[in-house]
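Let's take a walk through this structure together, moving from a small sheet to the pockets and then to a single residue.

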Amino acid sequence: MDYSQFFSAALNRLHDERRYRVFADLERIAGRFPHAVWHSPRGERNVVIWCSNDYLGMGQHPKVVGAMVESATRSGTGAGGTRNIAGNNHSLIQLEQELADLHGKDSALVFTSGYVSNQTGISTLAKLLPNCLILSDALNHNSMIEGIRQSGCERIVFRHNDLGHLEELLRAADPDRPKLIVCESLYSMDGDVAPLAAICDLAERYGALTYVDEVHAVGMYGPRGAGIAERDAVMDRIDVIEGTLAKAFGCLGGYIAARADIIDAVRSYAPGFIFTTALPPSICSAATAAIRHLKTSQWERERHQDRAARVKAILQAAGLPVMASDTHIVPVFVGEPERCKRASDLLLEDHGIYIQPINYPTVPKGAERLRVTPSPYHDDVLIDRLAEAMVQVWEKLGLPLGAKALAAE
Ligand SMILES: *Cc1c(COP(=O)(O)O)cnc(C)c1O
């Protein structure tokens with residue numbers, strides 16, 4: 001049997017649909033973010049990164065890097081096994097206490113990624129609720145969809161952020177049946193925010209549990225960086241808050257925070273927690289340092305919002321089709337995979353600007369875009385250069401600018 005034909009056919013399908021993915025070979029430089037070195041086919045080049053989810057540049061913060069190095073020097077590199085086999089590293093306990101405190105919950109449980117925390121967290125929770133009905137927002141992240149699927153529970157998708165639809169579904173369900181509402185707080189492709197208070201109202205009225213992914217909000221929103229739920233003062237009304245240590249906290253790992261009984265049950269039953277090696281102590285210490293810093297420092301959050309507002313204003317003034325966004329995400333509409341990829345290539349090759357194209361299935365077909373993520377470290381000069389470069393690329397590719405561009409979106 002010629003097995004390779006199956007793989008090449010699968011890859012050819014992606015090429016045909018113009019969504020075969022290529023990743024640039026980049027080297028970040030600590031202390032100089034968002035500047036990086038691109039190991040291009042023609043040698044090394046300096047580039048500016050405009051699409052990182054290290055939203056606040058914490059991945060290079062001296063306190064965070066220092067904590068990682070100090071911890072590795074003191075405790076070594078790996079965790080030495082799963083927590084079942086090797087016990088808990090003290091630094092992991094400290095991290096979980098820091099997270100529980102951040103979200104005002106009894107406990108927190110750390111996983112090796114945000115992806116795993118959703119996948120194994122949601123499936124385990126839902127399985128523990130007899131005959132659970134899951135109500136899932138239409139734009140939920142793949143990790144949540146996989147968790148829901150793995151639970152084997154019945155799930156109904158409600159239209160994105162549509163409270164009327166959610167209420168209709170809740171009302172139609174058996175009042176005695178356990179229900180779990182699963183959504184994100186900040187959707188990272190459009191930059192819009194869920195009406196968390198109203199979702200909590202519905203959950204309370206119809207007796208549902210709530211599970212909220214705050215991956216794109218932790219560190220960045222709320223007076224202590226606990227996310228949109230903190231900003232909107234509804235943290236105590238959400239049953240399970242899920243977050244990542246890999247985006248605004250600049251490290252790696254994911255977690256859930258909740259009441260002690262929920263955390264203990266997931267700890268005791270979740271295969272994606274039980275059967276995998278714990279995070280290394282150095283990562284735990286670095287993440288703890290980032291969380292602690294952002295609990296008190298407002299500078300990163302304020303400057304981040306200021307930069308995002310400026311990028312939106314400058315790109316819009318240049319006639320680029322900036323899509324509506326309520327947050328720090330700045331999506332620029334292209335609407336077609338081929339030119340989305342070409343725009344990204346030209347920005348990198350001609351202008352030293354790195355923005356990954358966002359194509360299907362990350363966004364729907366016809367909604368392809370460049371997703372710009374400003375950080376506190378993108379200064380006015382970099383923003384002006386970005387606008388000039390994008391306009392040149394738009395002109396070169398015959399993409400609409402000005403009033404026409406907004407009509408196209
Ligand atoms: C990135 C992301 C995750 C996964 O987090 P990782 O820590 O990167 O695995 C989960 N949910 C959403 C909405 C995400 O965008």
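Helices and strands here are DSSP runs, with at least four residues for a helix and at least two for a strand, numbered from the N terminus. Keep in mind that this is a predicted model.

With those names in hand, start at the second largest pocket, where strand S2 (35-40), H14 and S15 each supply at least two residues of the lining. H14 gives the most, with five residues. This pocket has a volume of about 350 Å³, and among its 22 lining residues, Val22, Phe23, Ala24, Lys341 and Asp345 lie nearest the centre.

Where do H14 and S15 sit relative to each other? Helix H14 (residues 337-351) lies across S15 and S16, running at about 45° to S16. Those two strands belong to an open, antiparallel sheet of three strands in the order S13-S16-S15. Strands S13 (330-333) and S15 (357-358) stand at the edges with a single partner strand each, so one side of each has no neighbour in the sheet. S13 and S16 (residues 369-372) pair over four bridges, and Val330 has Val372 as its bridge partner.

S15 and S16 also help line the largest pocket, where strand S1 (26-28) and helix H6 (142-151) likewise give two or more residues. Its volume is about 1200 Å³, and its lining has 17 nonpolar, 10 polar and seven charged residues.

Finally, visit Ala286 in helix H12 (residues 281-296). Ala286 counts as buried because its relative accessibility is 0%. Beyond its neighbours within four places in sequence, Ala286 contacts Val64, Ala67, Met68 and Cys251.

Notes
Residues numbered from 1 in each chain as written. Predicted model: local features only at pLDDT ≥ 70, side-chain atom pairs only at ≥ 80, totals over all residues. Heavy atoms only, no water. Buried < 20%, exposed > 50% of the residue type's maximum accessible area, 1.4 Å probe, protein only. Contact = heavy atoms within 4.5 Å. Pairing = 2+ DSSP bridges. Axes fitted to C-alpha atoms, helices over the stretch in contact; angles between N-to-C directions. 1 Å grid on protein atoms, 1.4 Å probe; cavity = no way out; pocket = protein on both sides within 12 Å on 5 of 7 lines; lining within 4 Å. Points joined across faces, edges and corners; volume = space filled by probe spheres on them. Nonpolar A, V, L, I, M, F, W, Y, C, P; charged D, E, K, R; others polar.
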